[in-house]
Amino acid sequence: MARVLIVDDEDNQVRALTIGLRLEGFDVAVARDAEGALNHLAASPADIAILDLMMPGTNGMELARSIRDLFPDVRVVLTSAYHLSERQLTRADCGVVGFVPKPFVLSELAEFLRQKIACGPISSNITQSEPRLRALP
């Protein structure tokens with residue numbers, strides 16, 4: 001069972017995503033902020049982390065950089081209601097493997113996560129994805 005860490009400060013978003021991903025067969029853990037996410041990953045590894053871009057304190061991009069540096073085997077997907085271009089994410093050099101705009105369709109997100117987890121080593125993780133769910137080189 002793939003392990004997913006959701007990092008988001010919005011209660012309704014976390015609740016819906018947790019229930020939905022568990023129904024899709026994922027083992028889901030939740031952190032409300034960057035510190036909680038890093039503590040969780042140190043104690044219990046995850047296959048993939050879904051980070052909200054806009055959180056109080058450390059934002060999703062900064063957290064993605066920390067995860068990349070401290071836990072290089074964890075794939076990171078950013079999510080946001082704000083549009084970010086592939087170029088913006090690439091230039092941010094935050095180590096994410098994809099971006100998922102909110103709102104999203106849960107079944108599409110679940111399939112996207114499965115693809116990202118199954119891709120093998122992160123360094124070879126360049127794939128095509130649904131137009132709304134973008135993989136990054």
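The largest nonpolar core in this predicted model has 23 residues, and those with the most contacts inside it are Leu-5, Val-7, Leu-41, Leu-51, Leu-63, Ile-67 and Leu-78. At least two residues of this core come from each of strand 1, strand 2 (27-31), helix 2 (34-43), strand 3, helix 3 and strand 4 (75-80), and helix 3 provides the largest share, with four residues. A second core of 18 residues is separate and includes Val-4, Val-14, Val-100 and Phe-104. Alongside these cores, Asp-8, Asp-52 and Lys-102 are linked in a network of salt bridges.

**Overall architecture**

- The protein chain contains five helices and six strands, and when it is read along the sequence these elements follow the pattern β-α-β-α-β-α-β-α-β-α-β.
- Of the 137 residues in the protein chain, 45% are buried, while the exposed area of the chain is about 7000 Å², with carbon and sulfur atoms supplying 52% of it.
- When contacts between residues at least 6 apart in sequence are considered, 66% of them join residues that are at least 24 apart.

**Helix 3 and the largest core**

- Helix 3 (residues 60-70) has as its buried residues Gly-60, Met-61, Leu-63, Ala-64 and Ile-67; because they cover an arc of only 160° around the axis, they lie on the same side of helix 3.
- An α-helix has 3.6 residues a turn, so residues three or four places apart point the same way.
- Leu-63, one of the residues with the most contacts inside the largest core, touches Val-7, Ala-34, Ala-37, Leu-38, Leu-51, Met-55 and Thr-58, when residues up to four places away in sequence are not counted.
- The exposed residues Asp-69 and Leu-70 are carried on the face of helix 3 that is turned away from its buried side.
- At the N-terminal end of helix 3, Asn-59 acts as a cap, with a side-chain oxygen that lies 2.9 Å from the backbone nitrogen of Met-61.

**Helix 2 and its packing**

- The buried residues of helix 2 are Ala-34, Ala-37 and Leu-41, and because they fall within an arc of 60° when seen down the axis of helix 2, they line one face of the helix.
- These buried residues of helix 2 pack against strand 1, strand 2 and helix 3, and two of them, Ala-34 and Ala-37, are among the residues that Leu-63 touches.
- On the other side of helix 2, the exposed residues are Glu-35, Ala-42 and Ala-43.

**Salt bridges**

- Side chains of opposite charge can pair when their charged atoms come close.
- A search of the whole structure finds seven salt bridges, including one between Asp-8 and Lys-102, in which the closest N and O atoms are 3.2 Å apart.
- Asp-8 lies in the loop between strand 1 (3-7) and helix 1 (11-23) and Lys-102 in the loop between strand 5 and helix 5, so this pair ties together parts that are 94 residues apart in sequence.
- Lys-102 also meets the side chain of Asp-52 in a salt bridge, with an N to O distance of 3.1 Å; Asp-52 lies in strand 3 (residues 48-52), so this second pair ties together parts that are 50 residues apart in sequence.
- Each member of this network is buried: Asp-8 has a relative accessible area of 3% and is therefore below the 20% cut-off, Asp-52 counts as buried at 3% relative accessibility, and Lys-102 is buried with a relative accessible area of 15%.
- A salt bridge outside this network joins Asp-69 and Arg-68, whose closest N and O atoms are 3.2 Å apart; here Asp-69 counts as exposed at 54% relative accessibility, whereas Arg-68 counts as partly exposed at 29%.

**The cis peptide bond beside Lys-102**

- Most peptide bonds are trans.
- Lys-102 and Pro-103, however, are joined by a cis peptide bond, for which omega is about -5°.
- Pro-103 is placed in the loop between strand 5 (98-101) and helix 5 (106-118), and Lys-102, which takes part in the salt-bridge network with Asp-8 and Asp-52, lies in the loop between strand 5 and helix 5 as well.

How values were computed: Residues numbered from 1 in each chain as written. Predicted model: local features only at pLDDT ≥ 70, side-chain atom pairs only at ≥ 80, totals over all residues. Heavy atoms only, no water. Buried < 20%, exposed > 50% of the residue type's maximum accessible area, 1.4 Å probe, protein only. Arc of directions from axis to C-beta. Polar contact = N/O pair within 3.5 Å; in protein donor to acceptor, adjacent residues only side chain to side chain. Salt bridge = Lys/Arg side-chain N within 4 Å of Asp/Glu carboxyl O. Contact = heavy atoms within 4.5 Å. Areas by Shrake-Rupley, 256 points an atom, 1.4 Å probe, with all protein chains shown as cover. Core = buried A, V, L, I, M, F, W, Y, C linked by side-chain atoms within 4.5 Å.
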